[in-house]
Amino acid sequence: MKNFVVKTIANAGALAVAVWLIDNITLTGDSTGKKIGTLLVVALIFGLVNFLVKPLVKLLSLPLLILTLGLFTLVVNALMLLLTSWLADKFDLSFHVEGFWTAVLGGLIISIVSWALHVVLPDGD
């Protein structure tokens, strides 16, 4: 359980950095508390998308991953971020990613920040 909480906090922090750095990734809300709550729910959705959908997409795109020496992972990460944005819209959350190239840059930022936070934060294992 501790590992799940740490990963969710890391995802929320990485998403917050992406929202802060990229203009076309938006998180709106009336108050800071509402924004933090929305960010945590979006981080949960992002974690579920990465846990359930991403392995299947990576398996199906394995030839492209091999052909591009892994660079296609950036496209997979962008698609997962766009799917998270779409699901957030369906759940009436105020998180939105505008466009594919914004998602590619956002996915890159989220990957780097999430990796750095996982190095710093304790592991539950």
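## Exercises on a predicted model

L69 counts as exposed, with a relative accessibility of 78%. The model used here is predicted.

**Exercise 1.** Explain why L69 counts as exposed.

*Solution.*
- Step 1: Take the cut-off. Exposed means over 50% relative accessible area.
- Step 2: Compare. L69 has 78% relative accessibility, so L69 counts as exposed.
- Step 3: Place the residue. L69 sits in the loop between α4 (62–67) and α5.
- Step 4: Check the backbone. L69 is not a glycine, yet its phi is positive, about 55°.

**Exercise 2.** Decide whether D92 is buried or exposed, and find its loop.

*Solution.*
- Step 1: Use the cut-offs. Under 20% is buried, and over 50% is exposed.
- Step 2: Apply them. The relative accessible area of D92 is 71%, so D92 is exposed.
- Step 3: Locate D92. Its loop runs between α5 and β2.
- Step 4: Look at phi. D92 has a positive value of about 60°, although it is not a glycine.

**Exercise 3.** Find the order of the elements along the chain, then judge how compact the chain is.

*Solution.*
- Step 1: Count. The chain has six helices and two strands.
- Step 2: Read from the N terminus. The order is α-β-α-α-α-α-β-α.
- Step 3: Compare radii. The radius of gyration is 14 Å, close to the 14 Å that the globule rule gives for 125 residues, so the chain is as compact as a globular protein of that length.
- Step 4: Add the dimensions. The C-alpha trace spans about 45 × 35 × 25 Å along its principal axes.

**Exercise 4.** Describe the largest nonpolar core and the elements that build it.

*Solution.*
- Step 1: Start with the general trend. In soluble globular proteins, nonpolar side chains tend to be buried together.
- Step 2: Size the core. The largest nonpolar core has 22 residues, and those with the most contacts inside it are L15, I25, L81, F95, V97 and I110.
- Step 3: Name the elements. Two or more residues each come from α1 (2–21), β1 (25–27), α2 (32–52), α5 (72–90), β2 (95–97) and α6 (100–120).
- Step 4: Zoom in on I25. Leaving out residues up to four places away in sequence, I25 touches A18, V19, L81, F95, H96, V97, T102 and G106.
- Step 5: Look for another core. A second, separate core has six residues, including I45, V49, L65 and V76.

**Exercise 5.** What share of the 125 residues counts as buried, and what supplies the exposed area?

*Solution.*
- Step 1: Buried residues make up 34% of the 125.
- Step 2: The chain exposes about 7,600 Å², and carbon and sulfur atoms supply 72% of it.

Terms used: Residues are numbered from 1 along each chain as its sequence is written. This is a predicted model: local features need pLDDT of at least 70, side-chain atom pairs count only at pLDDT 80 or more; totals for chains, interfaces and linings use all residues. Side-chain values use heavy atoms; hydrogens and water are left out. A nonpolar core is a set of buried Ala, Val, Leu, Ile, Met, Phe, Trp, Tyr and Cys residues joined through side-chain atoms within 4.5 Å. Buried means under 20% relative accessible area, exposed over 50%, partly exposed in between (1.4 Å probe, protein chains only). Helices (H or I, at least four residues) and strands (E, at least two) are DSSP runs, numbered from the N terminus. Contact means heavy atoms within 4.5 Å. The radius of gyration is taken over C-alpha atoms; the globule rule is 2.2 Å times the number of residues to the power 0.38. Accessible areas come from the Shrake-Rupley method with a 1.4 Å probe; for residues, only the protein chains shown count as cover.
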